[in-house]
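Trainee: Please give me a close look at one part of this model, the side chains and how they meet. Start at the beginning of the chain and keep it brisk.

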Amino acid sequence: MQNWFLWFMIFMILFVIPANKATRRLQARIARKNRIKRKRGIFTMNELIKNYIGKEVIIYTHSSSGVTGTVTRIEDNWIEVEDKYGNKEAVNTDYISRIKEYPRNKKGKKKMVVA
């Protein structure tokens, strides 16, 4: 019972830290591949994202974090996103894994009425 800290540190050193480093290496490898594709003209992420200018979107990155806001402009491989408070954020397209339009006030969706 007194050695719990020692076992905790051994667990961290053997499992948690290497897993975190492997995730970062994978993200860097994917970003590198995307840069190579863009230089060759194969990767057209900017052309796809131009459809979302002026729309409220959710952008998911490789690090399982997301950015919510309105796409205001696209330059090179950067997207400028403005949230509802007016704060602007730049997102690199190399790290985007998924982008979708925010499902707010969509036509065709019925509101649920509770009786």
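**Side chains, from the rings to the core**

Mentor: Trp4 is exposed, with a relative accessible area of 58%. The cut-off for exposed is over 50%, so Trp4 passes it. Keep in mind that this is a predicted model.

Now the rings. There are 2 aromatic pairs in the structure. One joins Trp4 and Phe5. Their ring centres are 5.9 Å apart, with 85° between the planes, and the pair is edge-to-face. The other pair is Phe11 with Phe15. Here the centres lie 5.4 Å apart and the planes stand at 40°, so this pair is tilted. Find Phe11 and Phe15 in helix 1, residues 4-40. They sit 4 residues apart, about one turn of the helix. Check their exposure too. Phe15 has 52% relative accessibility and counts as exposed. Phe11 has 45% and counts as partly exposed. The value for Phe11 is not over 50%, so the label "exposed" does not apply to Phe11.

Next, the strands. Strand 1 and strand 2 pair antiparallel over 5 bridges. Within that pairing, Glu56 stands opposite Thr70 in strand 2. Strand 2 also pairs with strand 3, antiparallel and over 5 bridges. There, Val71 faces Val81 of strand 3. The hairpin of strand 2 and strand 3 has 2 residues between the strands. Look for Asp76 in this hairpin, with a positive phi near 50°. Move on to strand 3 and strand 4. They pair in the antiparallel sense over 5 bridges. Ile79 stands opposite Val91 in strand 4. This hairpin has 5 residues between its strands. Gly86 lies in the turn and has a positive phi of about 90°.

Follow the charges next. The structure holds 3 salt bridges. Arg73 and Glu75 meet through their side chains at 3.4 Å, N to O. Arg73 also meets Glu80, at 3.8 Å, N to O. Glu80 meets Lys88 as well, again at 3.8 Å, N to O. Now compare their surroundings. Lys88 is exposed, at 56% relative accessibility. Glu80, at 19%, counts as buried. That value is under 20%, so Glu80 meets the cut-off for buried. These salt bridges share partners, and they join Arg73, Glu75, Glu80 and Lys88 into one network. Two members of the network sit between the extremes. Arg73 is partly exposed at 43%, and Glu75 is partly exposed at 46%.

Now go inside. The largest nonpolar core has 12 residues. Among them are Met45, Ile49, Val57, Ile59, Val67 and Val71. Ile74, Ile79, Val81, Val91, Ile96 and Ile99 belong to this core too. Which elements supply at least two residues each? They are helix 2 (45-49), strand 1 (56-61), strand 2 (66-75), strand 3 (78-82) and strand 5 (96-101). Strand 2 gives the largest share, 3 residues.

Take Val81 as a way into this core. Leave out its neighbours within four places in sequence. Val81 then contacts Ile59, Val67 and Val91, and each of these three belongs to the core as well. Its contacts also include Thr68, Gly69, Thr70 and Thr72. Asn87, Lys88 and Glu89 touch Val81 too. You have met Lys88 already, in the salt bridge with Glu80.

Finish with a loop residue. Thr93 is found between strand 4 (88-92) and strand 5. Is Thr93 buried or exposed? Thr93 counts as buried, at 1% relative accessibility. Set aside residues up to four places away in sequence, and Thr93 touches Arg38, Met45, Asn46 and Ile49. Thr93 also touches Asn77, Trp78 and Ile79. Met45, Ile49 and Ile79 are on the list of core residues. So what should you check for a loop residue? Look at the accessibility value: Thr93 sits in a loop, yet its 1% puts it under the 20% cut-off, so it is buried.

Key. Residues numbered from 1 in each chain as written. Predicted model: local features only at pLDDT ≥ 70, side-chain atom pairs only at ≥ 80, totals over all residues. Heavy atoms only, no water. Core = buried A, V, L, I, M, F, W, Y, C linked by side-chain atoms within 4.5 Å. Buried < 20%, exposed > 50% of the residue type's maximum accessible area, 1.4 Å probe, protein only. Contact = heavy atoms within 4.5 Å. Pairing = 2+ DSSP bridges. Phe/Tyr/Trp six-rings, centres within 6.5 Å; stacked < 30°, edge-to-face > 60°. Salt bridge = Lys/Arg side-chain N within 4 Å of Asp/Glu carboxyl O.
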